[in-house]
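Dear colleague,

I am handing over a structure that you have not worked with before, and I would be glad if you could look through it. My notes on what was found in it follow below.

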Amino acid sequence: MLKLYFFLLGTILASFAGLAAFRLGAGQSPWSPGRSYCDHCQQRLASWQLIPICGYLLQCGRCRYCQTPLPIFYPLSELLTGGAALVLCHTLSPYSAGILLVLTSLVFLASTDHFYQFIYPTALSGLFPLRLLFRAACPGGWWPALVLFAILLLFVLLFRSLGWGDLEFLTILFLTLGWYPTALVLLTACLLTITVNFLAPPPQHGHVPFMPKLAFATGIIMLVMSPA
């Protein structure tokens, strides 16, 4: 029963994080208007349409009123966050609260980059509990971290294949998890990007958000690092 509670709580927090990110990016308050509405037809949504994951499935992925396709980003992030909370959270404790804070922050950061191609640097503060939640061996001391950071900075300044927001995110991971888990997150995110681009090639022109892949990869590494 407790596992179900954490799953439901994870989906609710992910739903709110996605809503808050979308509204803030549009210059609105996360709290007003109180009831969510369709972004296309502006029709207010019924209570059952707001249920995480189920609301999307019950509407068959389309707005009930205008039949506009709904972004699959929302139910996917809710499902992944709920699943991660189910696996990582075991008891009602500060540890579980820290996990939920990190997962919510990851969804918020992924959402702002997905919808608006930027992140709020203040949202990165939600990742700092990682330092208290996980311990990882980082062989070689700080030298590998400095080399990896220099390479990432080079990609930002010269090749522009990474954004400043991505670098800020990875820097926080350096400070909280260490260089080795950060390198694993980066490698996993790159593999995810290659896979996604192979299955659904992106448009030739336009920004392809990398933060959602980094957030998902961070969740995977958290699962791998979690104690049994």
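A disulfide, as the word is used here, is a pair of cysteine sulfur atoms within 2.5 Å. Please keep in mind that this is a predicted model. With that cut-off, the structure holds 0 disulfides; Cys38 takes part in none, and the cysteine sulfur nearest to its own, that of Cys41, lies 3.6 Å away. For Cys63 the closest cysteine sulfur is in Cys38, at 3.6 Å, which is too far for a bond because a disulfide needs the two sulfur atoms within 2.5 Å. Cys38 counts as buried, at 8% relative accessibility, and Cys63 is buried as well, with a relative accessible area of 1%.

Turning to the interior, the largest nonpolar core has 49 residues, of which Leu127, Phe169, Leu214 and Met222 touch the most other members. Among the elements that give two or more residues to this core are helix H1 (2–25), helix H4 (94–116) and helix H9 (211–225), and H4 gives the most, with 9 residues. If neighbours within four places in sequence are left aside, Met222 is in contact with Leu88, Ile99, Val102, Leu103, Leu106, Leu130 and Phe134.

On the surface, a nonpolar patch of about 800 Å² is made by Val147, Ile151, Leu154, Phe155, Leu157, Leu158, Phe159 and Trp164, and H6 gives the most to this patch, with 7 residues. Phe155, which has its place in helix H6, counts as partly exposed, at 34% relative accessibility.

With best regards

Definitions and conventions
Residues numbered from 1 in each chain as written. Predicted model: local features only at pLDDT ≥ 70, side-chain atom pairs only at ≥ 80, totals over all residues. Heavy atoms only, no water. Core = buried A, V, L, I, M, F, W, Y, C linked by side-chain atoms within 4.5 Å. Buried < 20%, exposed > 50% of the residue type's maximum accessible area, 1.4 Å probe, protein only. Helix = DSSP H or I, 4+ residues; strand = E, 2+ residues; numbered from the N terminus. Contact = heavy atoms within 4.5 Å. Patch = residues over 30% accessible without salt bridge, like charges linked within 9 Å, V, L, I, M, F, W, Y side chains within 5 Å. Areas by Shrake-Rupley, 256 points an atom, 1.4 Å probe, with all protein chains shown as cover. Salt bridge = Lys/Arg side-chain N within 4 Å of Asp/Glu carboxyl O.
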